[in-house]
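Biologist: I am new to this structure, and I would like to go through some of its side chains with you. Could we look at the model together?

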Amino acid sequence: MEHIVTLETVVTAFAPWMEPTDAELAAIEAEAPLIAAEVEELDTVIALMDRPVNELDTRRARRAHARVLAARAALANTAGTGEAA
């Protein structure tokens, strides 16, 4: 049998003592509304997969998609200004 050995530096490249920088945390926080809107849209799509779609379901999917687009636009509008959304 052949043993598989990993390189410790590769495996522990993200050790617990390596914290994200303030800039990285700010970027994640700025993208949080977009991520939440995308998750909500995905939940909507998944819920509609196993049943026939009716008028209310279509509206629900459209509203979820509109929230994603609005969050993307808000993030794009604040991307160059340096401020959080």
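Biologist: With which side chain does the side chain of D57 make a polar contact?

Modeller: This is a predicted model, and in it D57 is found in helix α3. Leaving aside residues up to four places away in sequence, D57 touches L48, R51 and P52. The polar contact made by the side chain of D57, at 3.0 Å, is with the side chain of R51.

Biologist: How far apart are the closest N and O atoms in the salt bridge of R51 with D57?

Modeller: General chemistry helps here, as side chains of opposite charge can pair when their charged atoms come close. A salt bridge requires a side-chain nitrogen of Lys or Arg within 4 Å of a carboxyl oxygen of Asp or Glu. R51 and D57 form such a bridge, and their closest N and O atoms are separated by 3.0 Å.

Biologist: Is D57 buried or exposed?

Modeller: Buried means under 20% relative accessible area. R51, its salt-bridge partner, has a relative accessible area of 38% and is therefore partly exposed. D57 has a relative accessibility of 8%, so D57 counts as buried.

Biologist: How many residues apart are E38 and R72, which form a salt bridge?

Modeller: The closest N and O atoms of E38 and R72 lie 3.4 Å apart, and both residues count as partly exposed, E38 at 32% relative accessibility and R72 at 43%. E38 belongs to helix α2 and R72 to helix α3, so that the pair links distant parts of the chain, and the separation between them is 34 residues.

Biologist: Which residue meets R59 in a salt bridge?

Modeller: The partner lies four residues from R59 in helix α3, so about one helical turn separates the two. R59 is partly exposed, with a relative accessible area of 40%, and the partner also counts as partly exposed, at 47% relative accessibility. The N to O distance in this salt bridge is 3.5 Å, and the residue that meets R59 is E55.

Biologist: How many salt bridges does the structure hold?

Modeller: Among them are the pairing of E38 with R72, that of R51 with D57 and that of R59 with E55. The number of salt bridges in the structure is four.

Biologist: What is the accessible area of the nonpolar patch that includes M49?

Modeller: M49 is found in the loop between α2 (22-48) and α3 (55-79), and at 65% relative accessibility M49 counts as exposed. On the surface, M49 forms this nonpolar patch with L42, V45 and I46, and together they have an accessible area of about 410 Å².

Key
Residues numbered from 1 in each chain as written. Predicted model: local features only at pLDDT ≥ 70, side-chain atom pairs only at ≥ 80, totals over all residues. Heavy atoms only, no water. Patch = residues over 30% accessible without salt bridge, like charges linked within 9 Å, V, L, I, M, F, W, Y side chains within 5 Å. Areas by Shrake-Rupley, 256 points an atom, 1.4 Å probe, with all protein chains shown as cover. Buried < 20%, exposed > 50% of the residue type's maximum accessible area, 1.4 Å probe, protein only. Polar contact = N/O pair within 3.5 Å; in protein donor to acceptor, adjacent residues only side chain to side chain. Contact = heavy atoms within 4.5 Å.
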